[in-house]
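Could you open the model in your viewer and keep the selection panel at hand? We will take a short walk through it together, from the whole chain down to a single pair of residues.

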Amino acid sequence: MSISKPLLRLGPTVAAAAALAVMPAGPAAADGISVSTTGNTVSVSTTACTQINGHWGTASLLSSGQANFSQGRQVALSGTSAGQSAAWSNVSAGTYTVIVVCSNGSTAGTQSVVVSPASSPSASPTASPSRGVMGGVGGASKDYGTVTAVAGGALVGAGVLGTVWYLRRRNTARPTHL
């Protein structure tokens, strides 16, 4: 009895899928929450909470001197069954702990976050081109590397060979009249 080729090709695919299914999830998924910062805003998202009486749960932002959930800046979670989120604005620089407690009393996760100090925009002089204005050069003024040049050359060569093949075939398909 022989094994068909489609079944032989299926083996590595099944093995790769099984390996991916066994791999552990990342740290954010293990905690059940994902925390991010943008400027002086801290936001948290989760999919671990369920809605009870119109309430998803509460998230708390604790600074370094605070020890429990009730001492932090609390915000109600909002969202849908696909995901809930909360955000704090005007957060000063420092290290904080974010705790999310669902409406059923279970803790969805705890994660630390560092808020960087806001950088003030500063004006700096721009450097002028060392070789003057390069009008008409287009993309040739930037070096894209050897790989890009080789790939471009291969495409041009393939185009030339395709054109030659087409024209030669067209000429041989027509009968020549004397």
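Here is a stop-by-stop tour of this predicted model.

**Stop 1: the whole chain.** Start with a cartoon view of the protein chain, where you will find 3 helices and 8 strands. Now trace the chain along its sequence: the pattern reads α-α-β-β-β-β-β-β-β-β-α.

**Stop 2: the surface.** Switch on the accessible surface, which comes to about 13000 Å² for the protein chain. Carbon and sulfur atoms account for 60% of that area. If you colour by burial, 16% of the 178 residues count as buried. While the whole chain is still selected, consider its contacts too: among those between residues at least 6 apart in sequence, 52% join residues at least 24 apart.

**Stop 3: an open sheet.** Next, select strands S1, S2, S6 and S5, which make up an open sheet in the order S1-S2-S6-S5. The pairing in this sheet is antiparallel. Which strands lie at the edges? They are S1, residues 33-38, and S5, residues 78-80, each of which pairs on one side only. Turn the view to look along the sheet: from one strand to the next, the twist averages 20 degrees.

**Stop 4: S5 and its partner.** Keep S5 selected and add S6, residues 83-88. How many bridges join these two strands? There are 3, and the strands run antiparallel.

**Stop 5: one pair of residues.** Finally, zoom in on Thr-80 and show Gly-83 as well. Gly-83, in S6, stands opposite Thr-80.

Note on methods
Residues numbered from 1 in each chain as written. Predicted model: local features only at pLDDT ≥ 70, side-chain atom pairs only at ≥ 80, totals over all residues. Heavy atoms only, no water. Pairing = 2+ DSSP bridges. Helix = DSSP H or I, 4+ residues; strand = E, 2+ residues; numbered from the N terminus. Axes fitted to C-alpha atoms, helices over the stretch in contact; angles between N-to-C directions. Buried < 20%, exposed > 50% of the residue type's maximum accessible area, 1.4 Å probe, protein only. Contact = heavy atoms within 4.5 Å. Areas by Shrake-Rupley, 256 points an atom, 1.4 Å probe, with all protein chains shown as cover.
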